[in-house]
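Biologist: I've just been handed this one and I don't know my way around. Can you walk me through it?

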Amino acid sequence: LVTYRGEPRLQSLEAGVHVVGNIEPRKRPSPEVSLSKVDRVRTHAERIAGLPESEVVDGLADLCRAHSPESSPLDDVCVHAGDSYGTRSSVLIELPEPSFVARSTTDEQPIGGSEYRASGAGSGEVQVERGRFLYAAGPPCIAPFEDISFLLDELRQTPDYTPAEHA
């Protein structure tokens, strides 16, 4: 994950559920620290991730659309606070393990790009998992999540070009 606060900063993410909002992503707070909005949303997302696989994406999409009549609009997951501030889009990304690490065909060293997770390796049958990339081009309570998973395929491509000075 790359964040930007004055300069780009790369943060590694471990396997699991991650919620990225308008504040710095961080590890879980200690019990003495009150939960931020992102922490509360992550707690709900982790519960949803424990549902049957067929229900997870719809559950997360519903979470992204959430509004609560009991809370301030700024505490909602999908924020509507006048014409100038609020949720502008939403993304759900599901990546297989390992993601974005390609292997050379001649050795087992990472070479950049990515590989699909394959199951049944060595049995002659390989089942490929692609991952999913869903995007709502507006507040997710209004805009539908569209499947743009083809972009994951593009990210998996290792650049194959000759720099201009060597052409």
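Biologist: Let's start with Arg40. What is its relative accessible area?

Modeller: Arg40 has 33%, so it falls in the partly exposed class. With a 1.4 Å probe and protein chains only, buried means under 20% relative accessible area, exposed means over 50%, and partly exposed is in between. Keep in mind that this is a predicted model: local features need pLDDT of at least 70, side-chain atom pairs count only at pLDDT 80 or more, and totals for chains, interfaces and linings use all residues. Residues are numbered from 1 along each chain as its sequence is written, and side-chain values use heavy atoms, with hydrogens and water left out.

Biologist: Good to know. Which residue forms a salt bridge with Arg40?

Modeller: That's Asp75, with the closest N and O atoms 3.9 Å apart. The pair ties together distant parts of the chain, since Arg40 sits in helix α1 and Asp75 in the loop between α2 and β3 (80–81), 35 residues apart. Asp75 is partly exposed too, at 41% relative accessibility. By salt bridge I mean a side-chain nitrogen of Lys or Arg within 4 Å of a carboxyl oxygen of Asp or Glu.

Biologist: And how many salt bridges are there in the whole structure?

Modeller: Four turn up in a search of the whole structure. One of them joins Asp39 and Arg42, whose closest N and O atoms are 2.9 Å apart. Those two are three residues apart in helix α1, which means about one helical turn separates them.

Biologist: Asp39 and Arg42, then: buried or exposed?

Modeller: Asp39 is buried, at 1% relative accessibility. Arg42 is buried as well, with a relative accessible area of 7%. Another salt bridge links Arg65 with Asp62, where the closest N and O atoms are 2.7 Å apart. There, Arg65 is partly exposed at 29%, and Asp62 is partly exposed at 48%.

Biologist: OK, let me zoom out. How many helices and strands does the protein chain have?

Modeller: Three helices and nine strands. They are DSSP runs numbered from the N terminus: helices are H or I with at least four residues, strands are E with at least two. Along the sequence the pattern reads β-β-α-α-β-β-β-β-β-β-β-α.

Biologist: What share of the residues is buried?

Modeller: Buried residues are 24% of the 167 in the protein chain.

Biologist: Now sheets. What is the strand order in the open sheet of three strands?

Modeller: The order is β5-β8-β9, and the pairing is antiparallel. The edge strands are β5 (90–94) and β9 (145–147), each pairing on one side only. Neighbouring strands are turned by 20° against each other on average, direction ignored. Two strands count as paired if DSSP finds at least two bridges between them.

Biologist: How many bridges join β5 to β8?

Modeller: Five. Glu94, for instance, has Arg132 in β8 as its bridge partner. On the other side, three bridges join β8 (residues 132–136) to β9. There, Leu134 stands opposite Asp147, and Tyr135 stands opposite Glu146.

Biologist: Which helix packs on that sheet?

Modeller: Helix α2 (residues 53–64) does, touching β5, β8 and β9, and its direction makes about 155° with that of β5. Those angles are between N-to-C directions, run from 0 to 180 degrees, and use axes fitted to C-alpha atoms, for helices over the stretch in contact.

Biologist: Which residues of α2 are buried?

Modeller: Val56, Val57, Gly59, Ala61, Leu63 and Cys64. They pack against α1 (37–49), β5, β8 and β9.

Biologist: Last one: Ala136. What is it in contact with, leaving aside its neighbours within four places in sequence?

Modeller: Ser89, Ser90, Ala143, Pro144 and Phe145, where contact means heavy atoms within 4.5 Å. Ala136 lies in strand β8 and is buried, at 0% relative accessible area. Its C-alpha atom is 5.1 Å from that of Ser90, although the two residues are 46 apart along the chain.
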